[in-house]
Amino acid sequence: MKVSELITITKPLSPISESYRTLRTNIKFSSVDKDIKVIVVTSSGPGEGKSTTASNLAVVMAQTGNKTVIIDCDQRKPRLHKVFNLSNERGISDVLAKEIKFEDAIQDTGVKDLAIITSGTKPPNPAELLASGAMKEFLESLREKYDTIIIDTPPIVAVTDAQLLSRYADGCILVVASEQADRDAAMKARELLEKVDANMLGVVLNKVDGSHKGYYGAYYSYYAEEEEKK
Ligand SMILES: Nc1ncnc2c1ncn2[C@@H]1O[C@H](COP(=O)(O)OP(=O)(O)OP(=O)(O)O)[C@@H](O)[C@H]1O
Ligand SMILES: [Mg+2]
């Protein structure tokens, strides 16, 4: 998938793009006291739609003029450089290993107000790098420069990376692929996030086949919405 294939760019008026905008709105309203700047996107298992959700969310965030940066923190299966059709020669791992200055890892996506930091050179110890003080500092510097920071991660049940990163984030989103996710794994993912006191912003139910348009829908379930129904 290339940036031009992102649905929020190719079909901004489609119901799916609209649901990404609903996600954006819900995130904005999910916290009145605290600004939600750093958002971790994860799922229990592989291939549920983390990178797709993170990319489309980043696009709709940028579309409102929010200065946004998306970071590929999936060192095991990095994909965002492919989505945005960019080089992955240098990225976050190189910054954390102090090989390059942080400004040099930031690339332009071609989407207005949206920058990207790709995964970079594959490190032998991703969890250690992501949990490091350098990562915390890096995020602090990005907070000064950007309004929104979206972090794509590997599956949370397989490796600790997303759980570690959630400690530095203001909120996290759990993507659940409706037909492929295993219920126990999804519950386990939520439990792992709660263990580190992650602020669960909501669950994205992805790959919901209801459109017959070749692209499955993405629906969002929010605790706030559930509260409203009561
Ligand atoms: N809503 C959707 N409708 C149709 N296809 C989708 C949808 N969301 C994701 N996909 C497709 O499913 C595949 C996996 O998506 P994606 O790469 O976003 O998942 P991931 O959770 O990041 O995977 P990984 O665990 O490998 O990082 C991709 O080919 C993507 O294009
Ligand atoms: Mg991915």
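Reader: Which element gives the most to the shell around ligand 1?

Author: That element is α3, which gives three residues to the shell. The model is predicted, and in it local features need pLDDT of at least 70, side-chain atom pairs count only at pLDDT 80 or more, and totals for chains, interfaces and linings use all residues. Residues are numbered from 1 along each chain as its sequence is written, chains are lettered from A and ligands numbered from 1 in the order in which they are written, and side-chain values use heavy atoms, with hydrogens and water left out.

Reader: What makes a residue part of that shell, and how many residues surround ligand 1?

Author: A residue is near a molecule or strand if one of its heavy atoms lies within 4 Å of it. By that rule 14 residues surround ligand 1, and the closest are Lys 50, Ser 51, Thr 52, Arg 79 and Asn 206. Both α3 (50–62) and β7 (200–208) supply at least two residues of the shell, where helices (H or I, at least four residues) and strands (E, at least two) are DSSP runs numbered from the N terminus.

Reader: How are the residues of the shell around ligand 1 divided into nonpolar, polar and charged?

Author: Ala, Val, Leu, Ile, Met, Phe, Trp, Tyr, Cys and Pro count as nonpolar, Asp, Glu, Lys and Arg as charged, and the others, Gly among them, as polar. Sorted in this way, the shell holds three nonpolar, five polar and six charged residues.

Reader: Why is the pair between Thr 52 and an oxygen atom of ligand 1 called a polar contact?

Author: A polar contact is a pair of N or O atoms within 3.5 Å (within protein, one must be able to donate a hydrogen and the other to accept it, and residues adjacent in sequence count only if both atoms are side-chain atoms). An N or O atom in the side chain of Thr 52 is 2.5 Å from an oxygen atom of ligand 1, so the pair falls within the limit. A polar side-chain atom of Asn 206 likewise lies 2.8 Å from a nitrogen atom of the ligand, and a polar backbone atom of Glu 48 is 3.1 Å from an oxygen atom of ligand 1. The protein covers 80% of the 630 Å² of accessible area that ligand 1 has on its own, with areas taken from the Shrake-Rupley method with a 1.4 Å probe (for residues, only the protein chains shown count as cover).

Reader: How do you know that Cys 73 is in no disulfide?

Author: A disulfide is a pair of cysteine sulfur atoms within 2.5 Å, and by this rule the count comes to zero. The cysteine sulfur nearest to that of Cys 73 belongs to Cys 172 and is 14 Å away, so the pair does not meet the limit.

Reader: Why is Cys 73 called buried?

Author: Buried means under 20% relative accessible area, exposed over 50%, and partly exposed in between (1.4 Å probe, protein chains only). Cys 73 has a relative accessible area of 0% and is therefore buried, and Cys 172, at 1%, is buried as well.

Reader: What makes the pair of Arg 21 and Glu 18 a salt bridge?

Author: A salt bridge is a side-chain nitrogen of Lys or Arg within 4 Å of a carboxyl oxygen of Asp or Glu. The side chains of Arg 21 and Glu 18 meet at 2.8 Å, N to O, so they qualify. Both residues lie in helix α2 (residues 15–30), three residues apart, about one turn of the helix. Arg 21, with a relative accessible area of 17%, is buried, whereas Glu 18, at 40%, is partly exposed.

Reader: Why can the salt bridge of Asp 170 and Arg 143 be said to tie parts together?

Author: The side chains of Asp 170 and Arg 143 meet at 3.0 Å, N to O. Asp 170 lies in the loop between α8 (161–166) and β6 (171–177) and Arg 143 in helix α7 (residues 133–145), so the pair ties together parts that are 27 residues apart in sequence. At 4% relative accessibility, Asp 170 counts as buried.

Reader: Why is Asp 197 called exposed or buried, and where does it lie?

Author: Asp 197 lies in the loop between α9 and β7, and its 69% relative accessibility makes it exposed. Phi of Asp 197 is near 60°, a positive value in a residue other than glycine.
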